[in-house]
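Reader: I'd enjoy a close look at how charged and aromatic side chains pair up here. Please take me through those pairs one at a time.

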Amino acid sequence: MNGKKIYVTSPSLPDLDEFIPYLREIWESKWLTNNGGFHQRFENLLAEYLGVPYVSLFTNGMMALQIGMQALRITGEVITTPFTFAATTHAIHWNSCKPVFCDIEPETCTMDPDKVEALITPQTTALMPVHVYGNPCHHEKLQKIAVTYGLKLFYDAAHAFGVKQDGISICGRGDLAMLSFHATKVFNTFEGGALVTRDPAMKKRIDFLKNFGFADEVTVVAPGSNGKMDEFRAALGILNLRKVEEGIARREAVAGRYREALQGVPGITVPQDIAGVRHNYAYFPVRIHAGEYGMTRDELYEKLKKDGIMSRRYFYPLCSSFPTYRGLPSARPENLPVANEVAGEILCLPIYADLTEEEQEKVIDGIVEQ
Ligand code: T4K
C-alpha cells in the first residue's frame with residue numbers, strides 16, 4: 001500500500017486562528033460549562049439554522065437519546081430499526097425498555113412503515129426510527145400510526161443535519177429528534193449532540209434532566225443525569241456552523257462524481273437523490289451484488305483496504321444480531337429479510353468536504369478495476 005490512507009470520513013474544522021480568540025474568552029471568563037455564554041449563543045444559532053423552535057445541547061448524541069427517552073417517559077416496548085448504529089438500540093436497553101425490531105424498506109433503508117402495526121402490542125409506547133444516511137423516514141405514515149395508537153415518535157436524526165424535505169429541516173419532526181455532532185458527522189463539535197422539540201415545556205424538562213434534575217439551586221424535580229455540553233465545544237460549534245453549507249456543497253460534488261463514475265458498473269447500486277429532498281451527503285452507501293459484480297462486498301472491502309481506502313460497512317452487523325438482542329423474537333433474520341440483505345451488500349465509500357479529486361479517482365479506480 002502506497003501513500004496516505006483515505007478514511008470513510010474526515011472532520012471539518014474551523015481555522016485554528018479563528019478559534020483562539022474564543023478560547024481566550026473562555027479562559028478569561030472562567031465559565032467553562034453549565035449553560036455559559038457560548039452555550040446559549042450556539043443553541044440559538046442552531047435553532048435558527050434548523051428552523052426549529054427549541055434546541056437543547058448535549059455532550060454527545062447517545063446521552064441525548066437516553067435522556068430524550070426519559071423526557072418522553074417511554075417505557076415497555078419500543079419499535080425501532082435494526083439498521084442503525086449501536087447507540088439507537090442501546091439507548092432503549094439503557095432505559096430498561098425492550099427494542100422491537102421492524103424491517104427496513106430497500107430504497108431508503110429506513111423503517112418500513114407498512115410493517116410497524118403488526119409489531120404493536122399493549123406494551124408498545126414509542127417508535128424510534130432513524131433517518132439513516134440522512135434519508136428521511138416516511139414521516140406522514142409513521143406520524144399517523146403514532147397518533148392512532150397513542151405512541152411517542154422519537155427520531156434518531158444523528159445523520160440528518162442539514163437535510164430538508166420540501167424546504168423544511170427534517171430535524172424538527174416527531175415529538176423529539178436527536179442530533180449527533182460527533183467528529184464523524186457532517187457537522188461536528190468534536191463530541192456533541194442535541195435534542196430538538198417544538199414544545200417549550202418539553203425543552204424545560206430536557207434541560208432539567210440533563211443537569212441532574214435541578215430546576216434551581218435547591219429544587220431537584222427529577223432523577224436527572226449529566227448530559228451538558230461545555231463551552232469549548234459550544235464555541236467550536238458556533239464556528240463550524242458557518243462552514244456547514246459549504247461543506248455540504250463540497251460533499252454533493254463528491255457524490256456527483258462517484259455517481260457519474262459508478263452508475264454503469266455492473267453489480268453496483270449507487271444511492272440516488274430523493275425528489276424534494278435536500279440531502280447532506282453524509283454517507284455514500286453503495287450496494288454490491290456479488291453475482292453481477294464478480295466479488296462479494298467483503299472481498300471488495302478487503303481489497304480497498306489493501307490499497308489504503310478505508311471504506312466502512314455501516315450498518316453491518318445489524319443491531320438485532322448483537323448478543324444482547326439476538327434472542328428477541330423480532331430479531332430473527334426471517335423477520336428482517338430486507339435489513340439482512342442490505343447489511344450483507346452495503347459499503348460506505350469515503351466522502352467528506354476535503355476529499356481531493358485525486359483521492360476520489362483512487363476510490364473509483366479501486367472499484368472499477370477488479
Ligand atoms: N445514532 C446514530 C444513528 C449514530 O450513527 C450515532 C453515531 C449515534 C446515534 C450516537 O451519536 P454519538 O453519541 O456518537 O454522538 C462512528 C462514530 O463514533 C459514531 O458517532 C457514529 N454514529 C458512527 C456511525 O460512526 P465508528 O466506530 O465507525 O468511528 P471510528 O472511530 O471508526 O471513525 C470512523 C472514521 O472516521 C475513522 O476511520 C477515521 C475518521 N475519523 C474518526 C474520528 C473519531 C477522523 O478522521 N477523526 C476522528 O476524530 O463510529
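Author: Happy to! A residue is called buried under 20% relative accessible area, exposed over 50% and partly exposed in between (1.4 Å probe, protein chains only). This is a predicted model, in which local features need pLDDT of at least 70 and side-chain atom pairs count only at pLDDT 80 or more, while totals for chains, interfaces and linings use all residues. Residues are numbered from 1 along each chain as its sequence is written, and side-chain values use heavy atoms, without hydrogens or water.

Let's start with the charges. The structure holds 21 salt bridges (a side-chain nitrogen of Lys or Arg within 4 Å of a carboxyl oxygen of Asp or Glu). One of them joins glutamate 359 to lysine 4, with 3.1 Å between the closest N and O atoms. Because glutamate 359 lies in helix H12 (residues 357-368) and lysine 4 in the segment before strand E1 (6-7), this pair ties together parts that are 355 residues apart in sequence. Helices (H or I, at least four residues) and strands (E, at least two) are DSSP runs numbered from the N terminus. The two partners have opposite settings: glutamate 359 counts as buried because its relative accessible area is 12%, whereas lysine 4, at 61%, is exposed.

Aspartate 103 also has a partner, lysine 115, and their closest N and O atoms are 3.4 Å apart. Aspartate 103 lies in the loop between strand E4 (98-101) and E5, and lysine 115 is in the loop between E4 and E5 too, so the bridge ties together parts twelve residues apart in sequence. With a relative accessibility of 2%, aspartate 103 is buried, while lysine 115 is partly exposed at 31%.

Glutamate 245 and arginine 278 meet in a further salt bridge, 3.0 Å from N to O. Here helix H8 (residues 244-262) supplies glutamate 245 and strand E14 (residues 277-278) supplies arginine 278, 33 residues apart. Glutamate 245 is partly exposed at 35% relative accessible area, and arginine 278 is partly exposed at 27%. Beyond these pairs, Glu43, Lys203, Asp207 and Lys210 are linked in a network of salt bridges.

The chain divides into domain 1 (16-241) and domain 2 (244-368), with bounds from an automatic or database domain assignment. Their centres, taken over C-alpha atoms, are 25 Å apart. The rule finds zero salt bridges across the interface of domain 1 and domain 2.

Now the rings. A search of the whole structure finds 18 aromatic pairs. Rings of Phe, Tyr and Trp (its six-membered ring) pair if their centres lie within 6.5 Å; planes under 30 degrees apart count as stacked, over 60 as edge-to-face and the rest as tilted. Among the pairs, tyrosine 133 and phenylalanine 315 are stacked, at 6.2 Å centre to centre with 25° between the planes. Tyrosine 133 is in the loop between strand E5 (124-128) and helix H5 (139-149), and phenylalanine 315 is in the loop between strand E16 (309-310) and helix H11 (337-345), 182 residues apart. Both tyrosine 133 and phenylalanine 315 are buried.

Phenylalanine 161 and phenylalanine 187 are stacked because their ring centres are 4.6 Å apart and their planes at 10°. Both of these phenylalanines, 161 and 187, are buried. Ring pairs also draw Phe161 and Phe187 into a cluster with Phe42, Tyr49 and Phe181.
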